[in-house]
Amino acid sequence: MIQSDKGADPLSKKDQKDKKLSTATNPESGISQILRLVLQELNLFYSRDVNGVCLLYDLLHCPWLQALLKVYDSLQDFKEKQLIPATPHAQALSNEVLKILCETPKSPEIQELRQILQSPHFKALLSAHDTVAQKDFEPLLPPLPDNIPESEEAMRIVCLVKNQQPLGATIKRHEMTGDILVARVIHGGLVERSGLLYAGDKLVEVNGISVEGLDPEQVIHILAMSRGTIMFKVVPVLDPPVNSHKMVYVRAMTEYWPQEDPAIPCMDAGLPFQKGDILQIVDQNDALWWQARKISDLGTCAGLIPSNHLLKRKQREFWWSQPYQPHNHLKSAICEYDMKIDEKCVEAGIPCFSTPAAGFRRSMRLCRRKSHLSQLRAKVSGASNCYGAVGAPYEEVVRYQRHPANKHRLIVLVGPSGVGVNELRRQLIELNPNRFQSAVPHTTRSKKSYEMDGREYHYVSKETFESLMYSHRMLEYGEYKGHLYGTSVDAVQAVLDEGKICVMDLEPQGIQVARTQELKPYVIFIKPSSMSCMKRSRKNAKIITDYFVDMKFKEEDLQEMEDLAQKMESQFGQFFDHVIVNDNLQDACAQLLSAVQKAQEEPQWVPATWVSSDN
Ligand SMILES: Nc1ncnc2c1ncn2[C@@H]1O[C@H](COP(=O)(O)OP(=O)(O)OP(=O)(O)O)[C@@H](O)[C@H]1O
């Protein structure tokens, strides 16, 4: 029996099973009734704020699910009524009526009725009615021969109606016996949907042609030439493979092009993907080749992708085949200008705005650009990003929606120098300073008379700074004019603890450091628009330099920005949750606001470890 009492224990598995059985037999206790009871149970957990329950609760509450279940119940009711067609012989009845009509005196009505009954459309309708009423859906199979020898292997005859789609299976020749076998059945394809052929089945005939001694290519040719119904004679595999793996979702951390992979068993069945694509893995039975779909294309049949193990191997081989390149090409050093550095002015750290705002300080930004960041980080973590990418070709992901009572997700803006990351961040914070805020950076330089500790910077000793660095509490850090600058995890947490949304900009190398369950960052890549658009929009814009005067953008700056953006995308694109092209500043700011809201309020794909460690 089902407990509907609020205080009762959740339904046991047995109760749920009993309920399922009773649904089929008792239309009164429909599935929407069960859903109501489940919701009552969940309500308990919901009020206790048990992790993940709110997601399930909201899902079960969705109007579309409720509507779908109502449709299901109605169909179930309808099935119970077992409506029987008046007669399965409508065509014969129609002929009888026609005969009678021929014998009756003619009137315009009789004339019209005869015309209707004789029209091809009406005849086709009656024929369809009779087929459905007699449940006559099976294809006609040739009769079995009478004299089948005892020793004959059990054969199965399978008829498939080929339409525009491929059949969705691959074949291979058995190395020892030379038999042609079904190598794999592609999920969502015609063969899989028919449920009649399995990987391991031995093909004996195709459309009456024996495949004995043929090459797989010749069999494919026969299939390609066939139209309409294709008949396979097969010796079924003894143990059809069962896909026991649960469906998993992964983020592709690298790209894959089947056309460029000579090792793929069937190029046409390959699924190309790019960095950052979310893939639904539907079959991991083969240790080397998995089957997957892109979540943007779930309706299509699956494609082959290299397994985690195989892709790792390919990446390693590729990595070793590349000439050595030091990875310092992002955010290149500032170009040599003809002007002299005005040390005094830069060190005075003229704020970028009239109101003191954390994280926008000139020295901090210049430090980020010139930083010895990569060298320092390499010393601390000992692993470069490229190695990281080699280590993890796929990252398991899950849908995550922040509970309104939880802290906000960190918003990370990434982009090539000068693209407008800081401008956009500033505008967003200006829109609602009570909601959005930057983290206050740390520095080892001494405080100026007009500054306040914790407002412009946290002023700390070199030892304190280094201890934060070495204990991995710095999201990024660098050196500028002999002083260390950086943003700590704690500074970000301080903003989040206030219930605000922390918006920070990061060098792309820093994304992996920020990608923790603690901060759950949502990464937005700010991308430059085309050169011609930028020449127009950045006419009066100025790029920040460590010189006295900020410089107007030169054509080389714009070109460099575009090149860097491309490099960032190709090297770090897998980490970008959203991309905004900063052409028109107002539009870009509106897009940023909307993306930030979605990140906090709508479900997003995040690494599975962020959520499982919550539990
Ligand atoms: N869409 C835009 N149209 C016109 N000007 C823009 C646009 N976006 C940014 N700018 C201007 O471009 C200049 C550089 O922008 P910003 O300082 O935000 O760059 P950044 O990405 O933060 O790089 P850096 O940190 O190296 O300065 C600023 O003067 C800014 O006002």
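A residue is counted as near a molecule when its C-beta atom, placed from the backbone, lies within 6 Å of that molecule. The views below show a predicted model.

**View 1. The residues that surround the ligand.** In this predicted model, the ligand is surrounded by 19 residues, of which the closest are S417, G420, N422, E423 and A541. Two or more residues of this shell come from each of the elements α12 (362–370), α15 (421–431), β20 (542–543) and α21 (585–601). The largest contribution is that of α15, which supplies three residues.

**View 2. The chemical classes in the shell around the ligand.** Seven residues of the shell are nonpolar, seven are polar and five are charged.

**View 3. The backbone at H472.** H472 lies in the loop that joins α16 (462–470) to β16 (474–480). Most residues other than glycine have a negative phi. The phi of H472, in contrast, is positive, with a value near 60°. Is this residue, H472, buried or exposed? H472 is classed as exposed because 12 C-beta neighbours lie inside 10 Å, and the class of exposed residues includes those with 12 or fewer.

**View 4. The backbone at K520.** K520 belongs to the loop between α18 (511–514) and β19 (522–528). The phi of K520 is also positive, with a value near 40°, and K520 is a residue other than glycine. K520 is buried, because 23 other C-beta atoms lie within 10 Å and the class of buried residues begins at 20.

Definitions and conventions
Residues numbered from 1 in each chain as written. Predicted model: local features only at pLDDT ≥ 70, side-chain atom pairs only at ≥ 80, totals over all residues. Helix = DSSP H or I, 4+ residues; strand = E, 2+ residues; numbered from the N terminus. Nonpolar A, V, L, I, M, F, W, Y, C, P; charged D, E, K, R; others polar.
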